[in-house]
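User: Could you walk me through a few of the labels used for this model? I'd like to see the reasoning behind each one.

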Amino acid sequence: MLYSEVCFLKAEAALRGWGNAGDAKTNYIEGIQASFAEARLNVDESYYTTEDDETYYTTGSVAWNEGDDFETKLKKIITQKWISMFPNGNEAWAEFRRTGYPELRPIAQSDEPSINPANGEFIKKLRYSEIERRENTANATASSLNQGQGDGANVRVWWDTGRYK
């Protein structure tokens with residue numbers, strides 16, 4: 001876990017009012033700054049500049065506004081967290097499934113029959129592999145699997161909040 005992720009976790013915890021998490025805005029900005037530093041780690045300084053860093057997190061849709069509602073603030077935190085997780089796609093995907101943020105474009109086409117792109121649906125879980133289905137048939141195909149939903153790409157796992165299609 002990178003420091004930027006810790007900062008964004010603390011920002012979300014503070015936003016939710018959880019104790020000892022500090023200030024949401026402070027943690028949010030520190031998360032962005034840590035993300036910049038992590039992305040630049042081991043990169044020759046001649047390849048980037050830091051002069052626009054503050055402009056990035058103080059203007060536009062990234063800027064923290066105390067007057068924003070809970071959802072707007074959560075969207076900002078998770079969107080920046082999602083960006084900071086590059087290239088850890090599985091963790092970023094888990095954040096999207098947990099929160100519904102960032103707002104992603106739906107897939108245009110799916111070879112998975114349980115996913116309907118016309119409805120703006122996203123893949124919700126990876127199906128068990130063929131070897132798992134073959135070697136562990138009783139468990140990988142049990143009727144009780146995923147709270148009785150079975151195994152499919154359009155099946156929500158137990159912690160999926162359902163905040164997206």
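User: At what angle do helix α1 and helix α2 pack, and how far apart are their axes?

Analyst: Happy to help, and please keep in mind that this is a predicted model. Helix α1 (residues 3-15) and helix α2 (residues 24-40) pack at about 165°, and their axes are 8 Å apart.

User: Why are α1 and α2 called roughly antiparallel?

Analyst: Angles over 145 degrees count as roughly antiparallel. The angle for this pair is about 165°, and therefore α1 and α2 are roughly antiparallel to each other. As for handedness, α1 passes α2 in a left-handed crossing.

User: Which residues make the contact of α1 with α2?

Analyst: Contact means heavy atoms within 4.5 Å. On the α1 side, the residues are Tyr3, Ser4, Cys7, Phe8, Lys10, Ala11, Ala14 and Leu15. From α2 come Ala24, Asn27, Tyr28, Glu30, Gly31, Ile32, Ala34, Ser35 and Glu38. By class, these contact residues divide into ten nonpolar, four polar and three charged.

User: What lines the largest pocket, and how much space lies in it?

Analyst: About 230 Å³ of space lies there. The lining has 14 residues, and Leu2, Glu38, Ser84, Met85 and Phe86 lie nearest the centre of the pocket. At least two lining residues come from each of α1, α2 and α4 (70-84), with α2 giving the largest share, three residues. The classes are seven nonpolar, four polar and three charged.

User: Which helix gives the most to the lining of the second largest pocket?

Analyst: That is α4, with six residues. This pocket holds about 160 Å³ of space, and its lining includes Tyr28, Tyr56, Lys75, Lys76 and Pro102. Five lining residues are nonpolar, four polar and three charged.

User: Where are the cis peptide bonds at Pro87 and Pro102, and what is omega for each?

Analyst: One cis bond joins Phe86 and Pro87, with omega of about 5°. Pro87 sits in the loop between α4 and α5 (89-99). Another cis bond runs from Tyr101 to Pro102, where omega is near 0°, and Pro102 belongs to the loop between α5 and α6 (130-135).

User: What makes Asn20 worth a look?

Analyst: Its phi is near 60°, a positive value in a residue other than glycine. Asn20 is found in the loop between α1 and α2. For background, most residues other than glycine have a negative phi, and most peptide bonds are trans.

How values were computed: Residues are numbered from 1 along each chain as its sequence is written. This is a predicted model: local features need pLDDT of at least 70, side-chain atom pairs count only at pLDDT 80 or more; totals for chains, interfaces and linings use all residues. Side-chain values use heavy atoms; hydrogens and water are left out. Axes are lines fitted to C-alpha atoms, for helices over the stretch in contact, and angles run from 0 to 180 degrees between N-to-C directions. Helices (H or I, at least four residues) and strands (E, at least two) are DSSP runs, numbered from the N terminus. Angles under 35 degrees count as roughly parallel, over 145 as roughly antiparallel, 65 to 115 as roughly perpendicular and the rest as oblique. A crossing is left-handed if the near helix is turned anticlockwise from the far one by less than a right angle, and right-handed if clockwise. Ala, Val, Leu, Ile, Met, Phe, Trp, Tyr, Cys and Pro count as nonpolar, Asp, Glu, Lys and Arg as charged, and the others, Gly among them, as polar. On a 1 Å grid over the protein atoms alone, a cavity is a set of points where a 1.4 Å probe fits but cannot get out, and a pocket is an open set with protein on both sides within 12 Å along at least five of seven lines; lining residues have an atom within 4 Å of a point. Grid points are joined across faces, edges and corners, and a volume is the space filled by probe spheres set on the points.
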